[in-house]
Structures are given as structure tokens and as C-alpha cells.
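Thank you all for coming; I would like to walk you through a structure that may be new to you. Please have a look at it first, and then we will go through it piece by piece.

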Amino acid sequence: MNKTPLPTKQTLEQKWYVVDAEGQRLGRLATEIAMILRGKNKPSFTPHMDTGDFVIVVNAEKVVVTGRKNEQKLYRRHSGRPGGMKTETFDQLQRRIPNRIIEKAVKGMLPKNVMGRKLFTKLKVYAGPDHPHAAQTPETLTINTIPARN
């Protein structure tokens, strides 16, 4: 009986990828990023291990949504105090903290456990075109999505 070989820390190769979010649709972009963070695009994928890669997202302020989601999609947060619920639309949050939009979308697609929280730390999102991870020599990753129709 043959056993399936499990990847070890030494055999795992964790790469760095740069994704340009300019003109990309939020959901399509987030699913691709979540797959790479989780490692599902690799033949060595193991559900209980962190086999994924690091992802750097640039131009987060230029991500788009279709339809009227920019005025209808709501982001909620709670301070923990009674009556502490704050709500803002996609447009308001994009003006205030554009990287939180992508972070929230990707985080919702990761497992809801210790491993999911660990995977989330491998996502780096930046509003502008610059990032401080040049030393990791990241590869550019193009995500092929259908252009948005409004």
C-alpha cells in the first residue's frame, strides 16, 4: 500500500506574487487570491497545511464592482459597545481605506480557523502602485477576468 507523500517545510517552495487590482472586479480577484494563499493551485496542496504563497496586491484603490454595488454594498463594523454599529458604503470605504475592501473580501474566502488567520497574514494589500517587498523578488501574476460591464 502506497502512502501519499506529505510536503514538509523543507520541500515547500513559497513564492511571492504581485497582483495589479486596477480595473479588476472585486469578487473574481478575491477568489483567485484566496486560492493562491491557500495553495490550491499547487499539486502539493494539503487541506490541513499551509502550502500557499504570499500575495502582494497593488492599486487596491482602483478595484471595481459591477452594477450599483458601489452605492448599495455595505461594510459594517462594531465597536463592541451598545449601539456601536457603524455602516459605510463601498464608495465611502474606498475613499477612506481602499485596501480594507480587498482584505475583507479575501478574508471571507479563507477558512474560519487558526490556519485561515495564519494564511491571511500572507496577504499584503497596498492602495497605490508601490510596495516595500522588492527584496522578495515577487513574480507578476496576471488574473484573467472578463472586463466589467456596467
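Let me begin with a single residue, Thr89, which, apart from its neighbours within four places in sequence, is in contact with Asn70, Glu71, Lys73, Leu74 and Tyr75. I should say at once that what you see is a predicted model, so please keep that in mind throughout. Thr89 is found in strand 4, which covers residues 85–89. Is Thr89 buried or exposed? Its relative accessibility is 18%, and because buried means under 20%, Thr89 counts as buried.

Let me now step back to the whole chain. Counting elements, we find 5 helices and 6 strands, and if you follow them from the N terminus on, they run β-α-β-α-β-β-α-α-α-β-β. The C-alpha atoms fill a box of roughly 55 × 40 × 30 Å, taken along the principal axes. Of the 150 residues in the chain, 37% are buried. As for the contacts with a separation of 6 or more, 71% of them are accounted for by residues 24 or more positions apart.

I would like to spend the remaining time on a pair of helices. Two packed helices are described by the angle between their axes and by the distance between those axes. Here the pair is helix 1, residues 26–38, and helix 4, residues 98–107, which pack at an angle of about 60 degrees with their axes 9 Å apart. The two helices are therefore oblique to each other, and helix 1 passes helix 4 in a right-handed crossing.

Which residues of helix 1 and helix 4 meet? From helix 1 come Leu26, Leu29, Ala30, Ile33, Ala34 and Leu37, and they meet Ile101, Ile102, Ala105 and Val106 in helix 4. By class, this contact of helix 1 with helix 4 has 10 nonpolar residues, with no polar and no charged ones.

Let us stay with helix 4 a little longer, where Pro98, Ile101, Ile102, Ala105 and Val106 are buried. Seen down the axis of helix 4, these buried residues fall within an arc of 120 degrees, so they line one face of the helix. In general, an α-helix has 3.6 residues a turn, so residues three or four places apart point the same way. And what do the buried residues of helix 4 pack against? They pack against helix 1, as we have just seen, and also against strand 2 (54–58), strand 3 (74–78), helix 3 (90–96) and strand 5 (123–125).

Terms used:
Residues numbered from 1 in each chain as written. Predicted model: local features only at pLDDT ≥ 70, side-chain atom pairs only at ≥ 80, totals over all residues. Heavy atoms only, no water. Axes fitted to C-alpha atoms, helices over the stretch in contact; angles between N-to-C directions. Helix = DSSP H or I, 4+ residues; strand = E, 2+ residues; numbered from the N terminus. Parallel < 35°, antiparallel > 145°, perpendicular 65-115°, else oblique. Left-handed = near helix turned anticlockwise from the far one by under 90°. Contact = heavy atoms within 4.5 Å. Nonpolar A, V, L, I, M, F, W, Y, C, P; charged D, E, K, R; others polar. Buried < 20%, exposed > 50% of the residue type's maximum accessible area, 1.4 Å probe, protein only. Arc of directions from axis to C-beta.
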